[in-house]
Amino acid sequence: MDYQFDFSFLSTHWQALLQGLISTLRMSVSTILLGFIVGTALAVARTQGKPWMRRAVTIYVDVIRNTPLVIQAFWLFFGLATLQFKVPALTAAVIALTINVSAYTTEIMRAGIESIPRGQIEAASCLGMSRWKLLRLVILPQATERMYPALISQFVLMMLATSIMSQISVEELTSAGYIIQSETFRGFEIYLVIAVLYFLLSSLLRLSMAALASVAFARRRRLKTPL
């Protein structure tokens with residue numbers, strides 16, 4: 001094997017990598033926030049809603065979880081365009097990622113909601129708490145804390161899945177790698193650099209969410225419970 005490693009492309013293409021990194025980070029943050037909100041709302045509907053709402057959410061979750069993310073993105077970007085309804089690539093990517101991660105978040109939060117002891121709910125009802133207060137002060141905080149490690153893992157997977165959005169021409173990190181590789185023909189080196197950047201992003205996301213947990217969940221902070 002007589003292969004000479006060459007990372008000189010970093011000196012001329014670092015700006016493209018940086019822009020792709022920022023784009024990936026923005027997509028990830030937007031999708032995490034939207035996906036958690038939508039997923040939590042759907043989980044509440046599935047566990048507390050009327051029968052028709054529960055069936056609708058179940059169908060939504062089953063359809064999204066059993067179809068590929070790339071197909072969902074293609075449908076939003078290319079499929080709607082054939083119907084003369086054009087969606088910008090970045091918007092289509094955020095919507096597709098939000099739809100996808102919200103379905104998984106729904107199941108995670110549903111498990112958390114159903115894990116709350118019935119006695120706590122009955123005690124809160126006896127104190128005269130409204131349904132909204134019961135959800136906001138008793139059920140959702142505990143459900144989120146219990147399922148937080150699973151949420152972190154799901155959001156990290158979602159962040160890594162942003163690489164798929166290069167298939168609909170979103171200028172994110174993997175897309176930047178495609179362009180640099182086509183110009184330099186240093187595929188091994190560029191994808192090694194990109195892999196390292198994704199690893200750093202994943203580590204940053206985990207550390208950030210762990211720091212958020214130490215602030216948001218007082219009991220976990222007191223007990224020093226690891227995530």
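Which helices each supply at least two residues of the lining of the largest pocket? In this predicted model, the helices that do so are α1, which covers residues 10-48, α6, which covers 131-161, and α8, which covers 187-216. Before turning to that pocket in more detail, it helps to look at the chain as a whole.

The chain has nine helices and zero strands, and read from the N terminus its elements therefore follow one another as α-α-α-α-α-α-α-α-α. Along its principal axes, the C-alpha trace spans about 75 × 50 × 30 Å. The chain holds 227 residues, and 42% of them count as buried.

The largest pocket has a volume of about 430 Å³, and 20 residues line it. Those that lie nearest its centre are I32, L33, F155, M209 and L212. When the lining of this pocket is divided by class, 17 residues are nonpolar and three are polar, while no charged residue is found there.

The second largest pocket, with a volume of about 250 Å³, has a lining of 15 residues. Nearest the centre of this second pocket lie A16, Q19, G20, S23 and E171. Helix α1 takes part here too, since α1 and α7, the latter covering residues 173-184, each supply at least two residues of the lining. The largest contribution to this lining is that of α1, which gives seven residues. By class, the lining of the second largest pocket has six nonpolar, five polar and four charged residues, whereas the lining of the largest pocket has no charged residues.

From the pockets the reader can move to the surface, where Y3, F5, F7, L10, F188, L192, V196, F199 and L200 make a nonpolar patch of about 860 Å². Helix α8 gives the most to this patch, with five residues. One of the other members, L10, is found in helix α1, and it counts as partly exposed because its relative accessibility is 32%, which lies between the limits of 20% for buried and 50% for exposed.

Charged side chains can be followed next, and the count of salt bridges in the model comes to six. In one of them R65 pairs with E107, and the closest N and O atoms are 3.7 Å apart. Because R65 lies in helix α2 (residues 51-65) and E107 in helix α4 (residues 89-114), this pair ties together parts that are 42 residues apart in sequence. The two partners differ in their exposure, for R65 is partly exposed, with a relative accessible area of 36%, while E107 is buried, with a relative accessible area of 16%. E107 also forms a salt bridge with R110, where the closest N and O atoms are 3.2 Å apart. Unlike the link to R65, this one stays inside a single helix, as E107 and R110 both lie in α4, three residues apart, or about one turn of the helix. Through shared partners, salt bridges join R46, R65, E107, R110 and E114 into one network.

R110 also appears in a contact of another kind, since its C-alpha atom is 7.2 Å from that of V44, although the two residues are 66 apart in sequence. V44 is found in helix α1, and with a relative accessibility of 16% it counts as buried. A further pair consists of E122 and L134, which are 12 residues apart along the chain and whose C-alpha atoms are separated by 9.9 Å. E122 has its place in helix α5, residues 118-126, and counts as partly exposed at 46% relative accessibility.

Another salt bridge joins E189 and R186, with the closest N and O atoms 2.7 Å apart. E189 counts as buried, because its relative accessibility is 0%.

Finally, two residues in the loops deserve a look for their backbone angles. S169, in the loop between α6 and α7, has a positive phi of about 70° although it is not a glycine, and with a relative accessible area of 47% S169 is partly exposed. F185, found in the loop between α7 and α8, likewise is not a glycine and has a positive phi, here of about 60°. With a relative accessible area of 65%, F185 is exposed.

Technical notes. Residues numbered from 1 in each chain as written. Predicted model: local features only at pLDDT ≥ 70, side-chain atom pairs only at ≥ 80, totals over all residues. Heavy atoms only, no water. 1 Å grid on protein atoms, 1.4 Å probe; cavity = no way out; pocket = protein on both sides within 12 Å on 5 of 7 lines; lining within 4 Å. Points joined across faces, edges and corners; volume = space filled by probe spheres on them. Helix = DSSP H or I, 4+ residues; strand = E, 2+ residues; numbered from the N terminus. Nonpolar A, V, L, I, M, F, W, Y, C, P; charged D, E, K, R; others polar. Patch = residues over 30% accessible without salt bridge, like charges linked within 9 Å, V, L, I, M, F, W, Y side chains within 5 Å. Areas by Shrake-Rupley, 256 points an atom, 1.4 Å probe, with all protein chains shown as cover. Salt bridge = Lys/Arg side-chain N within 4 Å of Asp/Glu carboxyl O. Buried < 20%, exposed > 50% of the residue type's maximum accessible area, 1.4 Å probe, protein only.
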